[in-house]
Amino acid sequence: MSSLPSISNNQQHSKTLTLPAPAKLNLFLHITGRRADGYHLLQTLFQILDVGDEIQFSANQTGVIQLSCNDPNLEGNDNLIYRAALALKPLAAASAGVDIFLQKNLPMGGGLGGGSSDAATTLHALNKLWSINLPVAELAAIGLKLGADVPLFVEGYTAFAEGVGEKLQPMAIPEKTYLVVTPACHVSTAEVFTHPDLIRNSPVISAADVLNSDLHKDWRNDCQSLVVRLYPLVAITLQWLVEYAPSRMTGTGASLFAEFPDEISARRALADLPANCRGFVARGVNRSPLLAALEHAE
Ligand SMILES: C[C@@](CO)(OP(=O)(O)O)[C@H](O)COP(=O)(O)OP(=O)(O)OC[C@H]1O[C@@H](n2ccc(N)nc2=O)[C@H](O)[C@@H]1O
Ligand SMILES: Nc1ncnc2c1ncn2[C@@H]1O[C@H](COP(=O)(O)OP(=O)(O)O)[C@@H](O)[C@H]1O
């Protein structure tokens, strides 16, 4: 991912901002209950990564939101980027418009939060380019209406999360190297959350419990056993990955991750990646590269 943001004034009314939209892992994911509306109550440790998508925003005075992408299938109005822009539009001048280009690098629908991160980056970018200047907490509240993981990316800190993922407690944890592997199968989040066999009664833990635990012996993903049973390719890929290092599923899958002591050993495993998987090596970061990029663009 390019870590250097750029902001430029091409002409009197056109400003361009290029920003990262990092991925996340759920280092653990516990389901502790269910809300009255059917949504599940979670406890999770969100780890932000230094790898992700990249989005370019060129503000203009046309009043129109225009989205293009290196994957044309993502150019529709249901894209979370478009929906995030639309959510801010009423707060901007009527003439506020933007041309957006999404460089989609992350696998989609795999539990890496790419769509949510794209939405969060869009909220920050247009808050600035359209001179709306909402505080971060208000951007996060708008983001929550777009998806449960959006507030994490808006706030921009690796965090212990509760509720449906919106009650965030930033947590500085050791920044490890991960190999992230996405098997070529789509796991439906809705299918996982409606399945009768899903574990829904994990005991509630405290933030102190999180700091005194680690991936090797304590952490688990309550969706993992179900997804492994329903999706044989996830099971086979996890069996392969675990030979290299402690491994886990992120979110509701299908992506998996393994924690390595250094980048060289992670890249060695990546070189052996099975043919039906995508993979990348990333570093966990306590502070999102988005925040650094926004500062740089001041
Ligand atoms: C569980 C997480 C952990 O990061 O999974 P991933 O999406 O990352 O895999 C997320 O919070 C997912 O949040 P989000 O991505 O917004 O969920 P959606 O796709 O909108 O959810 C699809 C469906 O799953 C159910 N759902 C989702 C989240 C939740 N906490 N409880 C639920 O019961 C709801 O029925 C919802 O309609
Ligand atoms: N900008 C976007 N990037 C990726 N997916 C998007 C985007 N906007 C909407 N979507 C939709 O959201 C779904 C979930 O995307 P994503 O955030 O990548 O996965 P997950 O929630 O499993 O981490 C995709 O399957 C896609 O249909």
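Here is a chat about a predicted model, going from its confidence scores to its ligands, core and loops.

Reader: Before we start, how are things numbered, and what does pLDDT average over the chain?
Author: Residues are numbered from 1 along each chain as its sequence is written, while chains are lettered from A and ligands numbered from 1 in the order in which they are written. This is a predicted model, where local features need pLDDT of at least 70, side-chain atom pairs count only at pLDDT 80 or more, and totals for chains, interfaces and linings use all residues. pLDDT is the predictor's confidence in each residue, from 0 to 100. Here 95% of the residues score at least 70, and the chain average is 94.

Reader: And what does the model score for ipTM and pTM?
Author: These are two more scores that come with the model. The pTM is 0.95 and the ipTM is 0.96.

Reader: Which residues does UniProt list for "active site"?
Author: The entry is unreviewed, and such annotations may be inferred rather than shown by experiment; the positions use the numbering here, with feature names shortened. The listed residues are spread over 126 residues of sequence, yet they cluster in space, with a largest C-alpha distance of 9.3 Å. They are Lys24 and Asp149.

Reader: Is Lys24 buried or exposed?
Author: Lys24 sits in strand β2; helices (H or I, at least four residues) and strands (E, at least two) are DSSP runs, numbered from the N terminus. A residue is buried if 20 or more other C-beta atoms lie within 10 Å of its own, exposed if 12 or fewer, and partly exposed in between, with C-beta atoms placed from the backbone. Lys24 has 26 other C-beta atoms within 10 Å, so Lys24 is buried.

Reader: Where is Asp149 found, and which residues does Asp149 touch?
Author: Asp149 is in the loop between α3 (136–144) and α4 (150–155). Asp149 is buried because 28 other C-beta atoms lie within 10 Å. Two residues are in contact if their C-beta atoms, placed from the backbone, lie within 7 Å. Not counting residues up to four places away in sequence, Asp149 touches Gly113, Ser116, Gly165 and Lys24.

Reader: Which element gives the largest share of the shell around ligand 1?
Author: A residue counts as near a molecule if its C-beta atom, placed from the backbone, lies within 6 Å of it. Ligand 1 has 17 residues around it, and His40, Gly111, Gly147, Phe193 and Gly251 come nearest. Two elements, β3 (40–60) and α5 (189–194), give two or more residues to this shell. The largest share, three residues, comes from α5.

Reader: What about ligand 2: which element gives the largest share there?
Author: Among the 15 residues around ligand 2, the nearest are Leu80, Gly109, Gly114, Gly115 and Asp118. Elements giving two or more residues to this shell are α1 (80–88) and α2 (114–129). With four residues, the largest share belongs to α2.

Reader: How many residues of the shell around ligand 2 are polar?
Author: Ala, Val, Leu, Ile, Met, Phe, Trp, Tyr, Cys and Pro count as nonpolar, Asp, Glu, Lys and Arg as charged, and the others, Gly among them, as polar. By class, this shell has five nonpolar residues and one charged, and the number of polar ones is nine.

Reader: Which strand gives the most to the largest nonpolar core?
Author: A nonpolar core is a set of buried Ala, Val, Leu, Ile, Met, Phe, Trp, Tyr and Cys residues joined through C-beta atoms within 7 Å. The largest one has 75 residues, and Phe57, Ile81, Leu126 and Val227 touch the most other members. The top contributor, with nine residues, is strand β2 (14–34).

Reader: Which elements do the buried residues of α1 pack against?
Author: The buried residues of α1 are Leu80, Ile81, Tyr82, Ala84, Ala85 and Leu88. They pack against β4 (65–69), β5 (97–103), β3 and α2.

Reader: Which two residues does a cis peptide bond join?
Author: The omega angle of this bond is about 5 degrees. One partner, Ala254, lies in the loop between β9 and β10. The pair is Gly253 and Ala254.

Reader: Is Asn133 buried or exposed?
Author: Asn133 lies in the loop between α2 and α3. Its phi is near 60 degrees, a positive value in a residue other than glycine. Asn133 has 9 C-beta neighbours inside 10 Å, so Asn133 counts as exposed.
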